[in-house]
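Here is a short briefing to read alongside the model. It walks through a few contacts and one strand, topic by topic.

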Amino acid sequence: QVQLVESGGGLVQPGGSLRLSCAASGFTFSRSDMKWYRQGPGKQREFVAGISRSEIINYVDSVKGRFTISRDNAKNMVYLQMNSLKVDDTAVYYCNADVPNLIGVRYNYWGQGTQVTVSS
């Protein structure tokens, strides 16, 4: 059974930092591409950052230079270090896994999300 469990969200002041974690289980983590998405109040869900199984990394423009995605294949974890947080970063942050099976068919899974609120 695939599980993605996010943690690390909370309330932070503008300019502050948070580190989100996503614990993965039930699939071959090292062969999977991992992403973070977010959905702000009244907004559509959007891509934030991704790290492929070969550790190719990409970010949405609005977080470049402030957020860092990383993974630890030994622990089946993916992280999102968020610095210089802005009010506009307020959202529910979701962990996403793109998982290939043995014949290359890909399946997509989501965590339950963790709330990040940036406010003074």
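**Salt bridges, a strand and a disulfide**

E46 is partly exposed, with 31% relative accessible area. Its salt-bridge partner is R38, and the closest N and O atoms of the two are 2.6 Å apart. Please keep in mind that this is a predicted model.

**Charged pairs**

- Side chains of opposite charge can pair when their charged atoms come close.
- The count of salt bridges comes to 7, and the pair of R38 and E46 is one of them.
- R38 has a relative accessible area of 6% and is buried, whereas E46 is partly exposed.
- D61 and K64 also form a salt bridge, with 2.9 Å between the closest N and O atoms.
- In that pair, D61 is exposed at a relative accessible area of 60%, while K64 is partly exposed at 49%.
- Another salt bridge links R106 to D98, where the closest N and O atoms are 2.5 Å apart.
- D98 counts as buried at 14% relative accessibility, and R106 counts as partly exposed at 35%.
- Through shared salt-bridge partners, D33, R53, D98 and R106 are joined into one network.

**Strand β4 and its neighbours**

- Strand β4 covers residues 33-39, and 5 of its 7 residues are buried, so the strand is largely enclosed by the rest of the structure.
- On one pairing, β4 runs antiparallel to strand β9 (residues 91-100), joined to it by 7 bridges.
- Within that pairing, A97 in β9 is the bridge partner of M34.
- β4 also pairs with strand β5 (residues 46-51), again in the antiparallel sense, over 5 bridges.
- Here F47 in β5 stands opposite Y37.
- The hairpin of β4 and β5 has 6 residues between the strands, and G42 in this hairpin takes a positive phi near 75 degrees.

**The disulfide**

- How many disulfides does a search of the whole structure find? The search finds 1, formed by C22 and C95 with their sulfur atoms 2.1 Å apart.
- C22 belongs to strand β3 (residues 18-25) and C95 to strand β9, so the disulfide ties together parts that are 73 residues apart in sequence.
- The torsion about the S-S bond of C22 and C95 is about -80 degrees, so this disulfide is left-handed.
- Are the two cysteines, C22 and C95, buried or exposed? Both C22 and C95 are buried.

Conventions. Residues numbered from 1 in each chain as written. Predicted model: local features only at pLDDT ≥ 70, side-chain atom pairs only at ≥ 80, totals over all residues. Heavy atoms only, no water. Buried < 20%, exposed > 50% of the residue type's maximum accessible area, 1.4 Å probe, protein only. Helix = DSSP H or I, 4+ residues; strand = E, 2+ residues; numbered from the N terminus. Pairing = 2+ DSSP bridges. Disulfide = S-S within 2.5 Å. Salt bridge = Lys/Arg side-chain N within 4 Å of Asp/Glu carboxyl O.
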